[in-house]
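Please explain this structure, with attention to its pockets, its cysteines and one aspartate.

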Amino acid sequence: MLDPTDWQAFRAQAHRALDDAFDFLQTVRERPVWQAVPDEVKSRLQETLPQDESDFDAVYREFSELILPYATGNIHPRFFGWVHGSGTPAGALAELLAATMNSNVGGRDHGAVYVERQIVRWFTALYGWPETATGILVTGTSAANLIAVLVARTKALGTAVREDGLRSSNLVGYASSATHGCVRKAFEAAGLGAAALRVLPVDPEHRCRPASLVEAIARDRAAGYKPFLVVGNAGTVDTGAIDPLNELADLAEGESLWFHVDGAFGATAYLSESLRPRLAGIERADSIAFDFHKWLHVPYDAGCVLIRDGDMHRATFATEGPYITRMPRGLAAGTPWFADFGPDLSRGFRALKVWFTLKHFGARKLAAAMERNCEQARYLATLVDADARFEMLAPVNLNIVCFRYRSNRLNDDALDGFNDELVVRLQESGAAVASSTTIFGRRAIRVNITNHRSQDSDFDLLIAKLASIGDRLLDETF
């Protein structure tokens with residue numbers, strides 16, 4: 001009933017759409033990085049639910065006119081705003097193939113399940129974990145961090161927490177002030193409350209201070225609290241800083257705490273032999289959260305959480321019911337199901353685009369792309385240092401550069417608003433996209449480089465454009 005009545009005509013329409021998609025990628029440099037959605041388009045995208053069918057060509061024309069031109073921009077080589085991957089044509093095609101199969105990967109015995117298991121095994125093996133370790137693909141690191149917190153909670157309180165709830169558990173965990181806000185949200189969603197996350201100060205390199213962790217644990221134990229979790233960062237969102245993971249692992253082990261690493265983009269740098277030493281200690285974690293859709297350029301969305309203790313992972317989520325009875329043979333076989341390792345029973349085949357990306361490019365080529373981004377970050381830092389109008393606000397740890405436009409005609413508070421406006425005007429120009437953040441109380445221009453399409457000339461253009469816009473803005477101010 002919902003299949004095409006004329007397969008040949010639909011085939012021709014689909015081929016045109018696919019050609020348009022690849023043309024869109026091939027010519028990406030010819031368009032603005034980003035452009036605002038016009039009010040007229042917003043209005044048309046607020047129309048009521050259609051009751052009658054429309055020809056596919058008509059729907060596709062609407063997509064081409066109203067949606068495609070107003071993308072986030074992260075496929076563009078001068079998108080440096082947030083930690084977004086750039087995607088690849090191969091990944092896009094894999095997404096189409098996964099949608100064609102339309103597999104539910106919550107469980108049962110079919111090919112998509114074995115693909116996701118292979119992805120998980122590739123990465124548990126990368127970190128040297130035992131074959132009993134488990135993992136699951138999720139929407140992103142926010143969901144991955146939540147799952148890790150829930151497993152750590154089960155480890156601390158036992159499986160009875162699933163039936164009895166927290167009651168007065170007095171659990172507390174620890175993370176630095178540079179940790180992503182999704183960890184706080186994970187504590188909230190897990191019923192622990194944001195106050196149960198102790199936020200620790202960072203050093204001048206934006207890393208967690210182990211001494212502060214020792215003091216906080218001792219203080220909490222003396223006050224009757226039950227420490228259960230330490231979160232380390234493998235690439236903070238603001239500056240790309242990496243916590244002293246080995247020291248945190250030692251402390252967690254000595255205090256019998258769960259050691260979790262939020263490696264949203266940085267964890268995959270372990271694929272690179274030259275970058276791997278910077279992540280020393282991540283392999284000692286009890287759990288690791290990261291995204292394939294960031295530095296490995298898998299199309300959105302594709303996150304992952306790995307759990308060293310597979311039994312504890314399954315004990316946190318596994319459930320039974322007459323509608324999900326496991327059988328020794330047939331389609332309902334294949335235990336354990338992925339539904340036993342996360343909250344979702346209905347799950348898409350997001351593993352296929354990860355599998356295609358890793359098989360097509362290989363670990364070495366993906367690692368080389370990450371290494372190149374780190375080189376480009378250092379190159380951008382030299383451009384900043386060479387222009388008296390700019391100053392660095394944080395060291396370059398991996399692939400993120402934080403700096404600001406400066407002027408002795410403005411005090412620090414005025415410069416904060418000035419630099420925020422500078423970033424917005426850069427975005428509105430369509431020449432490039434950067435973002436803003438706060439570094440030790442000062443607003444910064446933040447340039448994140450997780451882009452395999454970027455060239456050195458793109459950073460030359462970025463600095464030239466920022467300087468030009470900043471000079472004009474300064475003239476307007478005075």
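Residues fall into three classes here: Ala, Val, Leu, Ile, Met, Phe, Trp, Tyr, Cys and Pro count as nonpolar, Asp, Glu, Lys and Arg as charged, and the others, Gly among them, as polar. This is a predicted model, in which local features need pLDDT of at least 70 and side-chain atom pairs count only at pLDDT 80 or more, while totals for chains, interfaces and linings use all residues. Residues are numbered from 1 along each chain as its sequence is written, and side-chain values use heavy atoms, with hydrogens and water left out.

The lining of the second largest pocket divides into seven nonpolar, three polar and four charged residues. A pocket is an open set of points on a 1 Å grid over the protein atoms alone, where a 1.4 Å probe fits, with protein on both sides within 12 Å along at least five of seven lines; lining residues have an atom within 4 Å of a point. In the largest pocket, the lining has 25 nonpolar, 10 polar and four charged residues.

Turning to the cysteines, a disulfide is a pair of cysteine sulfur atoms within 2.5 Å, and the count comes to zero. The sulfur of cysteine 304 is too far for a bond because the closest cysteine sulfur, in cysteine 182, is 15 Å away. For cysteine 402, the closest cysteine sulfur is in cysteine 374, at 14 Å, which is also too far for a bond.

Aspartate 458 is buried (under 20% relative accessible area, 1.4 Å probe, protein chains only), with a value of 1%. Its side chain makes a polar contact with the side chain of arginine 78 at 3.1 Å, where a polar contact is a pair of N or O atoms within 3.5 Å, one able to donate a hydrogen and the other to accept it, and residues adjacent in sequence count only if both atoms are side-chain atoms.

Key:
Buried < 20%, exposed > 50% of the residue type's maximum accessible area, 1.4 Å probe, protein only.
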